[in-house]
Amino acid sequence: MAEHTSSSITIEAAPADVMGVIADFERYPEWTGEVKEAEVLGTDEHGRAEKVRLVLDAGAIKDDHTLAYTWIGDYEVSWTLVKSQMLRAIDGSYALAPLGDGDRTEVTYRLTVDVKIPMLGMIKRKAEKVIIDRALAGLKKRVESVPKG
């Protein structure tokens, strides 16, 4: 198994609110920083994205790629690479854990990236860490700024 990078953050919102933002791929360019375009190419019987095309610019890693998503219950989503220009593999997941009375959520993001061009493992891990940290910070800011309905 390839080495992965992971990090967690606590968000002041219920898991359903957090997952709602995670599942809203078309809005990723508004809050992720690295995702410049997002297009849902296919959905499952519940209307959740199964295949998404993303244009990514994360400094050392720039790519136009398609990911396949697997939804595990209401609290986890994982993805794997379908096709890419630069990436050999990308595997990741968001796992949510309700905290307290369920009004806070711990979000853990795991990511493994393998690029087609030679890149030192240390640089690759740093790029993964930057992607994760920015995504978690952006997710927290986005979820906590959405008015509760």
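# A walk through the fold and its cavity

The protein chain has 3 helices and 7 strands. What you have open is a predicted model, so every stop on this tour is a stop in a prediction. Colour the chain by secondary structure and trace it from the start: the pattern reads β-α-α-β-β-β-β-β-β-α. If you shade by burial as well, buried residues come to 40% of the 149 residues in the chain.

**Stop one: helix α1**

Select residues 15-22, which form helix α1. Which of its residues are buried? Pick out P15, V18, M19, V21 and I22. Now look down the helix axis: these residues cover an arc of only 155 degrees, so they sit on the same side of α1. There's a simple rule behind that kind of pattern: with 3.6 residues a turn in an α-helix, residues three or four places apart point the same way.

**Stop two: a pair of hairpins**

Next, select β5 (76-84) and β6 (87-99). These two strands form a hairpin, with 2 residues between them. They pair in the antiparallel sense over 5 bridges. For a spot to zoom in on, show S78, which stands opposite S93 in β6.

Keep β6 on screen and add β7 (104-115). How many bridges join β6 to β7? There are 12, and the two strands run antiparallel. To see one of the partnerships, select A89 and then D114, its bridge partner in β7. Then move to the turn: the hairpin of β6 and β7 has 4 residues between the strands. Click on G100 there, and you have a residue with a positive phi near 60 degrees.

**Stop three: D63**

Now jump to D63, in strand β4. Is D63 buried or exposed? Its relative accessibility is 5%, so D63 counts as buried. Show the side chains of D63 and S84 together: they make a polar contact at 2.4 Å. Then turn on the backbone of M86, because you'll want its nitrogen for the next distance. The side chain of D63 reaches that backbone nitrogen of M86 at 2.8 Å.

**Stop four: W79**

Go back to strand β5 and select W79. This residue is buried too, with a relative accessible area of 5%. Add L67 and draw a line from C-alpha to C-alpha: W79 and L67 are 12 residues apart in sequence and 6.2 Å apart in space. Leave W79 selected, as it comes up again at the last stop.

**Last stop: the cavity**

Switch on your viewer's cavity display if it has one. Rolling a probe the size of a water molecule over the atoms shows where empty space is left. A search of the whole structure finds 1 cavity of 30 Å³ or more, and the largest cavity has a volume of about 280 Å³.

What lines the largest cavity? There are 22 lining residues, and V35, L54, W79, Y109 and I131 lie nearest its centre. Select those five and centre the view on them. For the wider wall, colour the elements that give two or more residues to the lining: β3 (49-58), β4 (61-72), β5 (76-84), β6 (87-99), β7 (104-115) and α3 (121-145). Among these, β4 gives the most, with 4 residues.

Finally, colour the lining by residue type. It divides into 19 nonpolar, 2 polar and 1 charged.

Notes. Residues are numbered from 1 along each chain as its sequence is written. This is a predicted model: local features need pLDDT of at least 70, side-chain atom pairs count only at pLDDT 80 or more; totals for chains, interfaces and linings use all residues. Side-chain values use heavy atoms; hydrogens and water are left out. On a 1 Å grid over the protein atoms alone, a cavity is a set of points where a 1.4 Å probe fits but cannot get out, and a pocket is an open set with protein on both sides within 12 Å along at least five of seven lines; lining residues have an atom within 4 Å of a point. Grid points are joined across faces, edges and corners, and a volume is the space filled by probe spheres set on the points. Ala, Val, Leu, Ile, Met, Phe, Trp, Tyr, Cys and Pro count as nonpolar, Asp, Glu, Lys and Arg as charged, and the others, Gly among them, as polar. Buried means under 20% relative accessible area, exposed over 50%, partly exposed in between (1.4 Å probe, protein chains only). The arc is that of the directions from the helix axis to the C-beta atoms. Two strands pair if DSSP finds at least two bridges between them. A polar contact is a pair of N or O atoms within 3.5 Å; within protein, one must be able to donate a hydrogen and the other to accept it, and residues adjacent in sequence count only if both atoms are side-chain atoms.
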